[in-house]
Amino acid sequence: MKRNVLIITGSPRDNGNSTELAKYFAKGAQSRGHHVTMFNAAKNKINPCVNCDNCWKKGKACSFDNDHFNDLSEYIESADVVVFSTPLYWFTFSAQIKSVIDKLYSYCVPSCNKSIKNKESILLCSAGDPNNEVFNSLLSTFKDINSYLGWTVKDTLLVGGVFNVGDINKNIALDKAESLGYSL
């Protein structure tokens with residue numbers, strides 16, 4: 001079955017390690033015939049949620065038209081699988097991904113008439129620290145977000161010890177990311 005896959009990247013570095021994970025994941029998914037859309041949250045403007053509670057008042061997820069979230073929301077709505085690819089910043093998502101996640105609140109308010117439940121999600125993450133315990137808070141948050149949205153965590157790929165741009169190229173994680181995309 002062909003699926004719509006949305007990959008949201010959040011590295012502010014061009015060719016950052018988490019972005020490379022996303023590219024290899026996309027390559028694997030595309031080789032199986034899945035439709036893949038990549039959205040770079042670091043290069044698109046996603047403003048933080050201001051908790052105005054005006055979601056959907058203008059027929060869009062966010063009532064403000066001053067960023068790209070409403071464009072992204074259309075991809076989220078049509079996706080079967082949502083992939084978050086982020087560097088680990090202070091034991092959690094990058095600020096760029098966090099702004100996207102915060103605005104997903106618009107799908108949890110009573111005025112929302114569009115469901116994004118029953119999606120699968122995948123987390124790809126790179127970190128400079130080689131200690132796997134640094135991912136614990138991120139994993140807990142990711143699990144809670146999925147539960148709250150009614151999504152299923154399909155898989156995670158966490159890669160430590162890759163700090164500098166290009167460090168991921170010396171790691172088998174790229175092959176794992178491609179295989180994960182292929183497994184959809």
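A nonpolar core, as the term is used here, is a set of buried Ala, Val, Leu, Ile, Met, Phe, Trp, Tyr and Cys residues joined through side-chain atoms within 4.5 Å. Keep in mind while reading that this is a predicted model.

**The cores**

By that yardstick, the largest nonpolar core has 35 residues, and the members touching the most others are Ile8, Phe69, Phe84, Phe93 and Leu104. Helices and strands both feed into this core: β1 (4–9), β3 (81–87) and β4 (120–126) each supply at least two residues, and so do α2 (69–78), α3 (95–103) and α4 (136–149). The top contributor is α4, with 4 residues. There is also a second, separate core of 21 residues, with Leu157, Val162, Leu174 and Ala177 among them. As background, nonpolar side chains in soluble globular proteins tend to be buried together.

**Phe69 and Phe142**

Phe69 has a long list of partners once you set aside neighbours within four places in sequence. Its contacts are Lys45, Ile46, Ala61, Cys62, Ile76, Val100, Lys103, Leu104, Ser106 and Tyr107.

Over in helix α4 sits Phe142. Is Phe142 buried or exposed? Phe142 counts as buried, because its relative accessibility is 2%, under the 20% cut-off. Beyond four places in sequence, Phe142 is in contact with Phe84, Phe93, Ser121, Ile122, Leu123, Val153 and Thr156. Take Ser121 from that list: Phe142 and Ser121 are 21 residues apart in sequence, with a C-alpha to C-alpha separation of 9.4 Å.

**Around α3**

Helix α3 has Ile97, Ser99, Val100, Ile101 and Lys103 as its buried residues. The elements covering those residues include β1, α2, β3 and α4.

In the loop between β3 and α3 you'll find Ser94. Ser94 has 0% relative accessibility, so it counts as buried. Leaving out neighbours within four places in sequence, Ser94 is in contact with Gly10, Thr86, Pro87 and Tyr89.

**Cysteines**

How many disulfides does the structure hold? The count is 0. For Cys52, the nearest cysteine sulfur belongs to Cys55 and is 5.9 Å away, and Cys52 is in no disulfide. A disulfide needs the two sulfur atoms within 2.5 Å, so a spacing of 5.9 Å doesn't qualify. Cys52 is partly exposed, at 32% relative accessible area. With Cys112, the closest cysteine sulfur is in Cys108, 7.9 Å off, which is too far for a bond. Cys112 counts as buried, with a relative accessibility of 16%.

**Pockets**

Here are the two pockets side by side.

| Pocket | Volume | Lining residues | Closest to the centre | Lining by class |
|---|---|---|---|---|
| Largest pocket | about 290 Å³ | 15 residues | Leu88, Tyr89, Ala127, Gly128 and Phe163 | 9 nonpolar, 4 polar and 2 charged |
| Second largest pocket | about 180 Å³ | 18 residues | Cys49, Val50, Cys62, Phe64 and Lys103 | 9 nonpolar, 6 polar and 3 charged |

A few of these names have come up already. Tyr89, one of the residues closest to the centre of the largest pocket, is also a contact of Ser94. For the second largest pocket, Cys62 and Lys103 are among the residues closest to the centre, and Phe69 is in contact with both Cys62 and Lys103. Lys103 is also one of the buried residues of α3.

Terms used. Residues numbered from 1 in each chain as written. Predicted model: local features only at pLDDT ≥ 70, side-chain atom pairs only at ≥ 80, totals over all residues. Heavy atoms only, no water. Buried < 20%, exposed > 50% of the residue type's maximum accessible area, 1.4 Å probe, protein only. Contact = heavy atoms within 4.5 Å. 1 Å grid on protein atoms, 1.4 Å probe; cavity = no way out; pocket = protein on both sides within 12 Å on 5 of 7 lines; lining within 4 Å. Points joined across faces, edges and corners; volume = space filled by probe spheres on them. Nonpolar A, V, L, I, M, F, W, Y, C, P; charged D, E, K, R; others polar.
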